[in-house]
Amino acid sequence: MLDHLSLGVSDLQRAIRFYDAVFAPFGYVRLWTEDKAAGYGPAGGQDKLALFEQDAPIGPVPTGFHLAFTATTREAVDAFHAAGLVAGGTDCGAPGLRAHYAPTYYAAFLADPDGWKVEAVNQ
């Protein structure tokens, strides 16, 4: 249903460090970089997430909003979470089973440096 998403960020270089790190375990890469923007997606593909540095402060992130990224293995979920913490993210839920979603739903949750909530999930 969705073709791509864009997020506003307050510091593009800081956001690039975070997203380069958390996407590496999934094989997603930075496909393009401009002065105030960067795009990510599968190698050789089109961008699915674009980051745009904003001149105005990033407002509070809406409650309940998050982006979930598919991980092919549980180890990739673990690596996403660990890399995100090192790259300036905040823990919003350590890797583990979330049986209340589905019996095999394995996920981890982070907030990026601007507060956008991101999840890695393997089912």
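## Around Leu51

Which residues does Leu51 touch, not counting residues up to four places away in sequence? In this predicted model, the list is Leu7, Val9, Leu12, Ala15, Tyr19, Lys36, Ala37, Ala38 and Tyr40. Another core, of five residues, lies apart from the largest one. Among its members are Tyr105, Ala107, Phe109 and Val121.

## The largest nonpolar core

Nonpolar side chains tend to be buried together in soluble globular proteins. Here the largest nonpolar core has 28 residues. Leu51 is one of those with the most contacts inside it. The others named for this are Tyr19, Phe23, Phe26, Leu49, Phe80 and Val118.

Several elements feed this core. Helices α1 (12-23) and α2 (74-86) each supply at least two residues. So much is also true of strands β1 (5-9), β3 (37-42), β4 (49-53), β5 (67-70), β7 (106-111) and β8. Helix α1 gives the largest share, seven residues.

## Aromatic rings

The structure holds 11 aromatic pairs. One of them joins Tyr19 and Phe23. Their ring centres are 5.6 Å apart, and the planes meet at 45°, a tilted arrangement. The two residues sit four apart in helix α1, so about one helical turn separates them. Both are buried.

Phe65 and Trp116 make an edge-to-face pair, because their planes stand at 70° with the centres 5.5 Å apart. Phe65 belongs to the loop between β4 and β5, and Trp116 to the loop between β7 and β8. The pair therefore ties together parts that are 51 residues apart in sequence. Phe65 is partly exposed, at 32% relative accessibility. Trp116 is buried, at 14%.

There is also an aromatic cluster. Its members are Phe18, Tyr19, Phe23, Phe26, Tyr28, Tyr40, Phe69 and Phe80.

## A buried charge: Glu119

Glu119 lies in strand β8, which spans residues 117-122. The residue is buried and has no salt bridge. How far away is the nearest side chain of opposite charge? That side chain is Arg98, 7.0 Å away. A salt bridge needs the charged atoms within 4 Å.

Glu119 does have polar partners. Its side chain makes a polar contact of 2.7 Å with the side chain of His66. Another polar contact, to the side chain of Tyr105, is also given as 2.7 Å. Beyond four places in sequence, Glu119 touches His66, Leu67, Ala68, Phe69, Phe80, Tyr105, Ala107, Ala108 and Phe109.

## Salt bridges

Side chains of opposite charge can pair when their charged atoms come close. The structure holds three salt bridges. Asp114 meets Arg14 at 3.1 Å, N to O. This pair links distant parts of the chain, 100 residues apart. Asp114 is in the loop between β7 and β8, and Arg14 is in helix α1. Asp114 is buried at 15% relative accessibility, while Arg14 is partly exposed at 28%.

Asp20 and Arg30 also form a salt bridge, at 2.6 Å, N to O. Asp20 is in helix α1 and Arg30 in strand β2 (residues 28-34), 10 residues apart. Asp20 is partly exposed at 29% relative accessibility. Arg30 is partly exposed at 34%.

Lys36 bridges to Asp55, with the closest N and O atoms 2.6 Å apart. Lys36 lies in the loop between β2 and β3 and Asp55 in the loop between β4 and β5, so this pair ties together parts 19 residues apart in sequence. Lys36 is partly exposed, with a relative accessible area of 38%. Asp55 is exposed, at 72%.

## Sequence distance and space

Ser6 is found in strand β1. How far is Ser6 from Leu49 in space, C-alpha to C-alpha? They are 5.6 Å apart, although 43 residues separate them in sequence. Ser6 also touches Ala50 and Phe52. Ser6 is partly exposed, with a relative accessible area of 43%.

Val86 gives another case. This residue is found in helix α2. Val86 and Gly44 are 42 residues apart in sequence and 27 Å apart in space, C-alpha to C-alpha. Val86 is exposed, with a relative accessible area of 75%.

Terms used. Residues are numbered from 1 along each chain as its sequence is written. This is a predicted model: local features need pLDDT of at least 70, side-chain atom pairs count only at pLDDT 80 or more; totals for chains, interfaces and linings use all residues. Side-chain values use heavy atoms; hydrogens and water are left out. Buried means under 20% relative accessible area, exposed over 50%, partly exposed in between (1.4 Å probe, protein chains only). Lys and Arg count as positive and Asp and Glu as negative; His and the chain ends are not counted. A polar contact is a pair of N or O atoms within 3.5 Å; within protein, one must be able to donate a hydrogen and the other to accept it, and residues adjacent in sequence count only if both atoms are side-chain atoms. Contact means heavy atoms within 4.5 Å. A nonpolar core is a set of buried Ala, Val, Leu, Ile, Met, Phe, Trp, Tyr and Cys residues joined through side-chain atoms within 4.5 Å. Rings of Phe, Tyr and Trp (its six-membered ring) pair if their centres lie within 6.5 Å; planes under 30 degrees apart count as stacked, over 60 as edge-to-face and the rest as tilted.
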